[in-house]
Protein chains: 2
Amino acid sequence: MSSVVPHLTTALNGPLLQLESHLLARQTDVEAWLREQWLQTPAPFYASVDLRNAGFKLAPVDTNLFPAGFNNLNPAFMPLCIQAAQAAVERVCPRARRILIIAENHTRNLFYLESLETLRGIFEQAGLDARIASLRDDITDAMEVTLLSGKTCHLAPLERKGNRVAIGDFSPCLVLLNNDLSAGKPAILEDIEQELVPPLKAGWSTRKKSDHFTHYTDVANAFAEKLDIDPWLVSPMTLQCGEVDFMARSGTECLARNVETMLNAVQKKYDQYGIDRQPFAVVKADSGTYGMGIMTVKSVEEITNLNRKQRNKMASAKEGLVVDNVLIQEGVYTFETLGEDQAVAEPVIYMMDHFVVGGFYRVHTGRTFDENLNAPGMHFEPLAFAQSCIEPNKADKPDAEPNRFYAYGVIARLALLAAARELA
Amino acid sequence: MSSVVPHLTTALNGPLLQLESHLLARQTDVEAWLREQWLQTPAPFYASVDLRNAGFKLAPVDTNLFPAGFNNLNPAFMPLCIQAAQAAVERVCPRARRILIIAENHTRNLFYLESLETLRGIFEQAGLDARIASLRDDITDAMEVTLLSGKTCHLAPLERKGNRVAIGDFSPCLVLLNNDLSAGKPAILEDIEQELVPPLKAGWSTRKKSDHFTHYTDVANAFAEKLDIDPWLVSPMTLQCGEVDFMARSGTECLARNVETMLNAVQKKYDQYGIDRQPFAVVKADSGTYGMGIMTVKSVEEITNLNRKQRNKMASAKEGLVVDNVLIQEGVYTFETLGEDQAVAEPVIYMMDHFVVGGFYRVHTGRTFDENLNAPGMHFEPLAFAQSCIEPNKADKPDAEPNRFYAYGVIARLALLAAARELA
């Protein structure tokens, strides 16, 4: 992983430059408004937000309440994570001494384990005894995995002991979910007396993307009104269809109609801002993650002419969830590119409590700027942000790196606030 | 200012290595204990603590509740300051949008103004409108000072408007004292309706070093008991004499008796740990700062044979305070030295709320290891810490830099806790 300063080229950046200038000029209003929001709705314990930066628009496309990828953050900013982790623990469980991280089930993935171990290390450096447990049935004994970094990741099976969970005699005060619960709420975690964050209802077995984006739209509208901007500059338009069955071909009419509505609405906005690009829409399963059940469409015909393979792909999300409710979202171009071969770069922002602690770019060499960049099996090179997201510099250009990173942190916190309202 | 990694040599480091190892091994206990303390007694808004590292012992010698020197911190760790400043503001005044910093009166000192402007910038980056006001009678109009860094520091006279203070139409929610009030509580700040931090009673017109060290002794004893260490390893022994008048030569008997008691007590500790050094004591005025009214003594004769110049020096503290109560404190050697010419280096640790945000070494080329390093007119070169104080590394040696800096941060927080109890 390199922490070289990324040179990003954006094609159409008129409105975004205006947005960045505006966020800088109104920074006191931005921060005071956000502080007010956190007093009303406390932030989730942690989160990561995928952003897309189209130059003319900057918007979140995914908010992960069980973030992985901590290993991709710039080691120079680990102190920020450690300090924010202390603040986060103090808020939810100030007397905690032990924290147990519940791992995702894909424990064969060395990159994921590297993230888990980085996360565990953050809590250890923050002064807690931190360990990692697995929910997998096939992990029955404590195990060690040697990571690519040379570190070792220790995993142990989670045990239920009365109203508590533990691993062996390690009985934590605080249980931190890093498993998105796509397969449902695990019985072993129901009604435990320990503090469990985020709550079980934050898992994908309960959570719906449509709820998130409904809240996001409200947040973006309120923020835009406060800041006197067009909310479209910071939010993707979203429509939805219920009861879609791709295999049985039912619900396709709703989908086609909404895709057409969306493409027209986006075209209208492009016309308003003089943007010479083809609108596209993203069709997503309402639950689930990892880019399963997601497709990009540029015309209604792509929906009406779906082949069997595409139907199959859309009908299955992670761990066998069946798609029914479907989101039709405005596609946001990623016009940030890196290097001579114009690799597409997508920023991912990390937060602990309401503090922005860092971020990195997913740099994709084999993808184009209108594709989903978080698809299964996708290869990306992480490029850690060279600077923090909390040091805006009013004396510098609005699109200078500290200011661009600051803008990322602001928009990511809007998504975090939407998630907070979802869980409230 | 350089941020080169300092290579520090300590002569006698047996017990300190043990202390550093112990703090590392018991880090969870250290942090859990401190978190518990902050729940009982909230930390002051900000502070800096001067430490002395004798190799065999690590102890605070001065706790400043109106810290200057923010310009000496490593710019790489400004994000930590910004994040902690956000947390500090949220705790005392979550709806604050404007903060007014009340400057020290020595506004001709360009280094001090550089610190003020750095501090103002931290709050600005944290998202508050931040400005600086002066209490000086001779500043009647807003003024600008060009700093050595090229930045500009804006100062304006503080105005009282009813129950509020302001500068012009800038009426802040939060008033931050960076003036130690040696000359007394200014009437203009009495009974204002705005949040004033630290409170007026934290000024040197009220505060007594003896109170601080009485609380520090209690804190160090409780901490040492929790951690199973000798409290002497982290605290200077302190005695005091009331009613000392250096000019009238009254109270000198008490001083001589206590100096003798102190030197004997230190010798006993040195014998216990096999330390082959000459004990010394530091005699300090109970109020006041900037190293005024401080002398170092190695024998009782130095007290009984004080000459007129020494008496004069001890009788006057900053801004004409008359010394009466006097502290006799164990002298703690500074055995951290830097470079070929063995310049003495003294760590100074900075905190916002209860977060350790950074530090630097005062590097003195013309002073010896048993002298007071914060005397008036003293020249020092600041050497910013190359690393944060919150990233201990258990896999590294106990005296590796991250671990030494972590130990500094722990001891500095003990002094911060003593200050919190002083103000409670």
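# Exercises on a predicted two-chain model

B:D228 counts as exposed, with a relative accessibility of 56%. The model is predicted, and the exercises below work through several of its local features.

**Exercise 1. Find where B:D228 lies and describe its phi angle.**

Step 1. Locate the residue: B:D228 is in the loop between α5 and β12 (238-241) of chain B.

Step 2. Read the backbone angle. Phi of B:D228 is near 60°, which is positive although the residue is not glycine.

Step 3. Check the exposure. The cut-off for exposed is over 50% relative accessible area, and B:D228 has 56%, so it counts as exposed.

**Exercise 2. Decide whether B:L181 is buried or exposed, and describe its backbone.**

Step 1. B:L181 is not a glycine, yet its phi is positive, about 55°.

Step 2. Its place is in the loop between β10 (174-177) and β11 of chain B.

Step 3. A residue is buried under 20% relative accessible area. B:L181 has 2%, so it is buried.

**Exercise 3. Identify the peptide bond geometry before A:P198 and before B:P198.**

Step 1. In chain A, the bond from A:V197 to A:P198 has omega near -20° and is cis.

Step 2. In chain B, the bond from B:V197 to B:P198 is cis, and omega is near -25°.

Step 3. Place the prolines. A:P198 is in the loop between β11 (195-197) and α5 (209-227) of chain A. B:P198 is in the loop between β11 (195-197) and α5 (209-227) of chain B.

**Exercise 4. Classify the ring pair A:F280 and A:Y333, and state which parts of the chain it links.**

Step 1. A search of the whole structure gives 37 aromatic pairs over all chains. In one of them, A:F280 and A:Y333 have ring centres 4.8 Å apart and planes at 75°.

Step 2. Planes over 60 degrees apart count as edge-to-face, so this pair is edge-to-face.

Step 3. The partners are 53 residues apart, and the pair links distant parts of the chain. A:F280 is in the loop between α6 (252-273) and β13 (281-285) of chain A, while A:Y333 is in the loop between β15 (326-330) and β16 (337-338) of chain A.

Step 4. Both partners can be tested for burial. A:F280 has 0% relative accessibility and counts as buried; A:Y333, at 2%, also counts as buried.

Step 5. Other rings form a group: ring pairs join A:F45, A:Y46, A:F70, A:F123, A:Y350, A:F360 and A:F380 into a cluster.

**Exercise 5. Find a charged group over a ring in each chain.**

Step 1. In chain A, the ring is that of A:W204, and the charged end of A:K209 sits over it, 5.6 Å from the centre.

Step 2. In chain B, B:R362 lies over the face of B:F380, 5.5 Å from the ring centre.

**Exercise 6. Test the length of helix α2 of chain B and explain why it is called largely enclosed.**

Step 1. The helix covers residues 27-40, which makes 14 residues. At 1.5 Å a residue, the expected span is 20 Å.

Step 2. The end C-alpha atoms are 20 Å apart, so the model agrees with the expected span.

Step 3. Eleven of the 14 residues of α2(B) are buried, so the helix is largely enclosed by the rest of the structure. Among the buried residues are B:V30, B:W33, B:L34 and B:W38.

**Exercise 7. Describe the surroundings of A:A220.**

Step 1. A:A220 lies in helix α5 of chain A and is buried, with a relative accessible area of 0%.

Step 2. Leaving out residues up to four places away in sequence, A:A220 touches A:P231, A:V234 and A:S235.

Step 3. For contrast, take A:L135: it is 85 residues from A:A220 in sequence and 37 Å away in space, C-alpha to C-alpha.

**Exercise 8. Work out how chains A and B are related.**

Step 1. A turn of 180° and a shift of 0.0 Å along the axis lay chain A on chain B with an RMSD of 0.0 Å.

Step 2. The two copies are therefore related as by a two-fold rotation axis.

Step 3. The same surface serves both copies, since 100% of the contact residues of chain A recur in chain B.

Step 4. Within chain A, the residue closest to the rotation axis is A:L80, at 2.9 Å (C-alpha).

Notes
Residues are numbered from 1 along each chain as its sequence is written. Chains are lettered from A and ligands numbered from 1 in the order in which they are written. This is a predicted model: local features need pLDDT of at least 70, side-chain atom pairs count only at pLDDT 80 or more; totals for chains, interfaces and linings use all residues. Side-chain values use heavy atoms; hydrogens and water are left out. Rings of Phe, Tyr and Trp (its six-membered ring) pair if their centres lie within 6.5 Å; planes under 30 degrees apart count as stacked, over 60 as edge-to-face and the rest as tilted. Helices (H or I, at least four residues) and strands (E, at least two) are DSSP runs, numbered from the N terminus. Buried means under 20% relative accessible area, exposed over 50%, partly exposed in between (1.4 Å probe, protein chains only). A charge sits over a ring if NZ of Lys or CZ of Arg is within 6 Å of the ring centre and within 35 degrees of the ring normal. The expected span of a helix is 1.5 Å times one less than its number of residues. Copies are superposed by least squares on the C-alpha atoms of residues with pLDDT of at least 70 in both. Contact means heavy atoms within 4.5 Å.
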